[in-house]
Amino acid sequence: MNNLKILVVDDDPATVSLLERRLKNAGYEIETADNGAEAVRLISKCHFDVVLTDLMMPGGLDGMGVLEAARQMSNRTEVILITAYASVDNAVEAMKKGATDYLQKPVNCDELLLRLEKISNLKTLIRDAGDLREAMDITEANAAQTIQNLEMEVARLQKKLSEIRKIVSE
Amino acid sequence: MSCEITPDEFRIISKYVCDITGIHLDQGKEYLIETRLGGLLKEYGCSSYSELQHKAGTDPDKSLERKIIDAITTNETLFFRDTAPFELLQHKILPDLIDLRAAGSSGLFPIPIRIWSAACSTGQEIYSIAVVLKELLPDPKKYNIRLLGTDISDAAIAQASYGRYNKFEIERGLSQDRLHKYFTPYGDMWKIRDEIRAMVSFKKMNLIQPFDGLGKFDIVFCRNVAIYFSRKDRERLFDKIARILEPDGYLIVGSTESLTGVYPGFEPKRYLRSIFYQLK
């Protein structure tokens, strides 16, 4: 199931519309922004599972700025950066700041879809783990109350027993 | 090379694990050995678990033994795990303890508060305790606070000591308010602030060995550790805890653990949703 909600950010309309079409065809829910400021506005308004953003964009906010904004808003948003040139330094810096991945332009759509599928699988696993923990917490809380009641009762009976023993021995 | 474990092999390796950690693995826990130690089997080029055990036992610098300990111990923990014990600490134990100690003190010296998180794993419990103290005591100079976290796993102690947590660890149990108050972003991770870090010290320690030189404590958290031990080791553990606890000290165990019938020296007492133990 492709259940991810993705924000595509790029100042080049051709790239945006190509990515939007391919990702929608693959079943993802897509929103788009053509600059960093618009992207940050959208990120602050609703939750995205993935933000796919160009690194170099005109205006005050580039891909790095979008990454930082996304990181601040939610730990659960994965950010993939698209870099126009083979710049490992930029990519490393972005990964250090919390980017999940980076892709080089021109974007190979098959490669992108593979990476999104991995993120989607990971999200499903994380949700399953969360569900299991939730179930465990509820079970544990119920068990704890039962055990605590028994614990107090046993302590009360032990006290009584030792009192009776004392009386008997006297 | 197969990772599938035979009954003989399981007996050998689980005895070894129990000897070095106290963790008691019953039959039916073969999968735990396979999933947690299977990687080391490959890494050390061993064809069987008995070979791995032999290698670990004869390894002069004990690095393999440490790796086995890191791999086999369960580090499931979170900030403010099961909120009840922290409410207990904040609303009952600390106020009572401070009243008691203040009444008995000349006022010239700071009041000692010594808390030990036995099997602290990656530090979440003892840091949660530090946060409670920080929020409860407006004037920390009036107190002589000693917070100690110990664990058998080098890897767990190292992470606890760094005080760095990834986004999955940090999300669990911590409110946004406390997250921003007590942590700073550190690359893709979060780091505990120095003021909290400085309150806590960490030490590697194996709970099945003697507690030499540990000192006395007012409060001991020993939650969800004894559950992995055999009955005998459990009795010994709580006996040792009884000896390092102040006569009016407090012991907190896991919410589903029970001490009556395991160690008779403690008496359970109830406060709201939790139970704590004091020496009889």
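Student: What do the buried residues of H2(A) pack against?

Tutor: In this predicted model, the buried residues of H2(A) pack against strands E1 (5-9), E2 (29-33) and E3 (50-54) and helix H3 (63-73) of chain A.

Student: Which residues of helix H2 of chain A are called buried?

Tutor: Gly36(A), Ala39(A), Val40(A) and Ile43(A), in the helix that covers residues 36-45. Being called buried requires 20 or more other C-beta atoms within 10 Å of the residue's own. These four carry that label, so each meets the cut-off.

Student: How do you know that they lie on the same side of H2(A)?

Tutor: The buried residues cover an arc of only 100° around the axis, which puts them on the same side of the helix. An α-helix has 3.6 residues a turn, so residues three or four places apart point the same way. On the other side of H2(A), Arg41(A) and Lys45(A) are exposed.

Student: How is helix H1 of chain A placed on the strands?

Tutor: H1(A), residues 13-25, lies across E1, E2 and E3 of chain A and runs at about 170° to E2(A). Angles are taken between N-to-C directions on a scale from 0 to 180 degrees, so 170° means that H1(A) and E2(A) run in nearly opposite directions.

Student: What makes E1(A) and E2(A) a pair of strands?

Tutor: Pairing needs at least two bridges. E1(A) and E2(A) are joined by 5 bridges, so they pair, and they run parallel. One bridge partner is Ala33(A) in E2(A), which is matched with Val9(A).

Student: Why are E2 and E5 of chain A called edge strands?

Tutor: The open sheet has 5 strands in the order E2-E1-E3-E4-E5, with parallel pairing. E2 and E5 (101-104) of chain A each pair on one side only. Neighbouring strands of this sheet are turned by 20° against each other on average, direction ignored.

Student: Which strands stand at the edges of the E3-E5-E4 sheet of chain B, and why?

Tutor: This open sheet has 3 strands and antiparallel pairing. E3 (164-165) and E4 (183-186) of chain B each have a single partner strand, so one side of each is left without a neighbour in the sheet.

Student: How do you know that E5(B) pairs with E3(B)?

Tutor: They are joined by 2 bridges, and at least two are needed, so the pair qualifies. Tyr165(B) stands opposite Trp190(B). E4(B) is joined to E5(B) (residues 189-192) by 4 bridges, with Pro185(B) opposite Trp190(B) and Phe183(B) opposite Ile192(B). In the hairpin of E4(B) and E5(B), Gly187(B) takes a positive phi near 60°.

Student: Which side chains of E5(B) are buried?

Tutor: Trp190(B) and Ile192(B) point to one face and are buried, while Met189(B) and Lys191(B) point to the other and are not.

Student: Which residues touch the most other members of the largest nonpolar core?

Tutor: Ala130(B), Val220(B), Cys222(B) and Leu251(B), out of 72 residues. Leaving aside neighbours within four places in sequence, Cys222(B) is in contact with Ala118(B), Ala119(B), Ile241(B), Leu251(B) and Val253(B). A second, separate core of 31 residues includes Leu19(A), Val51(A), Leu52(A) and Ala69(A).

Student: How many residues are in contact between the chains?

Tutor: 12 residues of chain B are in contact with 14 residues of chain A. On the side of chain B that touches chain A, E9(B) gives the most, with 3 residues. The residues of that side divide into 2 nonpolar, 5 polar and 5 charged.

Terms used. Residues are numbered from 1 along each chain as its sequence is written. Chains are lettered from A and ligands numbered from 1 in the order in which they are written. This is a predicted model: local features need pLDDT of at least 70, side-chain atom pairs count only at pLDDT 80 or more; totals for chains, interfaces and linings use all residues. Two residues are in contact if their C-beta atoms, placed from the backbone, lie within 7 Å. Ala, Val, Leu, Ile, Met, Phe, Trp, Tyr, Cys and Pro count as nonpolar, Asp, Glu, Lys and Arg as charged, and the others, Gly among them, as polar. A nonpolar core is a set of buried Ala, Val, Leu, Ile, Met, Phe, Trp, Tyr and Cys residues joined through C-beta atoms within 7 Å. A residue is buried if 20 or more other C-beta atoms lie within 10 Å of its own, exposed if 12 or fewer, and partly exposed in between; C-beta atoms are placed from the backbone. The arc is that of the directions from the helix axis to the C-beta atoms.
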